Structures are given as structure tokens and as C-alpha cells.
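Here's a short round of questions and answers for anyone meeting this structure for the first time. Have a look at it, then read on.

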Amino acid sequence: MLVKQIKDKLIKGETVYGSLFQHAVVPAMVESIPPNSLDFVIVTPEHTTLDLAEFLPLKYALASKGIACLARTHSRDPADVARVCDTFDGVVVPYVEEYEQAKQLAAAAVYRPLKGIVLNRVLETGKWANKKTEDYIEKRNENTLFIPMIESVPGIENLEKICSIPGVHAVFVGPGDLTTNMGIPREYDSPELIAAIQKVIDTAEKHHVAAGCWFGTTKQAVRTIRQGARLVVYANDGLMLQHAMERAFGELRKG
């Protein structure tokens, strides 16, 4: 139900707001999230020693607050994508840049548990075993969100085709990897990056797919919203704690 609300907003052209959680695994911290702040959270152990399973208690706590919990996979293995979607509200897959790869990943999310020859026949011809199976798959996966990350120049070049794949609900730019791929590492205010993000947003919107980019400052995030981003992913749990403490103790130490 949580994912359906997000999908409905995206279909209507509305914007959804979220953040990355990299360290927070204690469900009690969800009580500190202000109302009407987050539509979703993406849990990601990418830069930590945590495992996705450690975020599961947080997922159920977020659900009690009406917040969807998506998970970022470590790999681009369709089996991993399906496993994550069986547990979390959706999946965010890193470094997707080829059409065929994206098609298999999307299928693992939104056509599961179909696999192998039968799945390939559906992907290649659109022919299902029967209407009963088609209806079952659609119903089973209607509350799953699939979001590929665009983090390279080839990913942007292939975005037109990627966005045409059934089951791609949004695309998400990872600016760290993308700027490195572009030869401007971590230059988040570079005109080249801003232009690349605009191309992603415009290309995605042509296919009625929402797009967005992660940023760690509100200034950069607002700039991207003004470019047309409708998938807003701001900061992470550690950064938000840092920003809050800097503001508060900066004022306190001034007296």
C-alpha cells in the first residue's frame, strides 16, 4: 500500500521525498522523524560493514509511520534484486547502464517469481502462459518499486531505452560515481553535471518516468527540484545528524 501511494503520486506528476539511511538500524529512532517529511527511505549498507538484513526492524518501524522502505543492492544480479523485493518495499540498483541488463533487472523485480525460458518469452514477445498467470504476477508485484541508478555516461546515453522498459518506475542519479565517470570527480556544482542531470530529467519525463539525484545540501537538492526532479533523495542519516549538530552547537558556542 505504501508503494502504491508513491506510484500514484509519480503517475500524477507529483514529487516524492526521501533520504538514505546508512547507519540507523534501531527502530526506535523512527519516532524522531517529523510528520510529513519522508515518503520513503532507501537503506544502503554500501559504505558500511552492515548487512541489509540488519535494516529489517527499521523497515517495519517505518511502515508504522507510513514511510516506504526501499533497499539498495550491492550487486546487479537479478537474483539479488528479486530477493530484496521479496523483503523490502522496492529496490534501488546501482550502476545500471545497458538496456538488456536493465530489462533483466526490472523483470526480476516486477515479474517475480517468473524465471528462465518462460520469463524470457514474456520479455521478448509479451506472451504469457495465460491470463490467470499474468493477473497473478501483476497483483503480486503491484506494491514493488524498481529504481535503476544512472551513474555513468553510457547510462545516460542508453537512458531513452532504459526508461521505455515496463517496470522502471523512476531513475536515480548517483552524482559521486557519475562525476567520476565524467572526469569531474565530486564537482557537484559543475555546469557539466547540472546539464547531465537536466538531460536525465528531460529524457525520463518523456517516458513519464520520474527522475532525481542525491545531494547532501539543501541548496543542491532545491536546484535539482527546480530542474524538474520528482524523486528527491536528500542527504543521509549521518549527514542530517551532522548538519543539525553544527547548527545547534554553532549557535550555543556563540552564547
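Q: Are Y188 and F215 buried or exposed?
A: Take buried as under 20% relative accessible area, exposed as over 50% and partly exposed as in between (1.4 Å probe, protein chains only). By that yardstick, Y188 and F215 are both buried.

A quick note on the background: this is a predicted model, where local features need pLDDT of at least 70, side-chain atom pairs count only at pLDDT 80 or more, and totals for chains, interfaces and linings use all residues. Residues are numbered from 1 along each chain as its sequence is written, and side-chain values use heavy atoms, with hydrogens and water left out.

Q: Which residue lies over the face of F215?
A: A charge counts as over a ring if NZ of Lys or CZ of Arg is within 6 Å of the ring centre and within 35 degrees of the ring normal. At 5.5 Å from the ring centre of F215, the residue that fits is R223.

Q: What is the relative accessible area of T179?
A: You'll find T179 in helix 9 (helices, H or I, at least four residues, and strands, E, at least two, are DSSP runs numbered from the N terminus). T179 is buried, and its relative accessible area is 0%.

Q: Which residue has its backbone nitrogen 2.9 Å from a polar atom of the T179 side chain?
A: Leaving aside neighbours within four places in sequence, T179 is in contact (heavy atoms within 4.5 Å) with residues including P185, R186 and Y188. The one whose backbone nitrogen lies 2.9 Å from a polar side-chain atom of T179 is R186.

Definitions and conventions
Polar contact = N/O pair within 3.5 Å; in protein donor to acceptor, adjacent residues only side chain to side chain.
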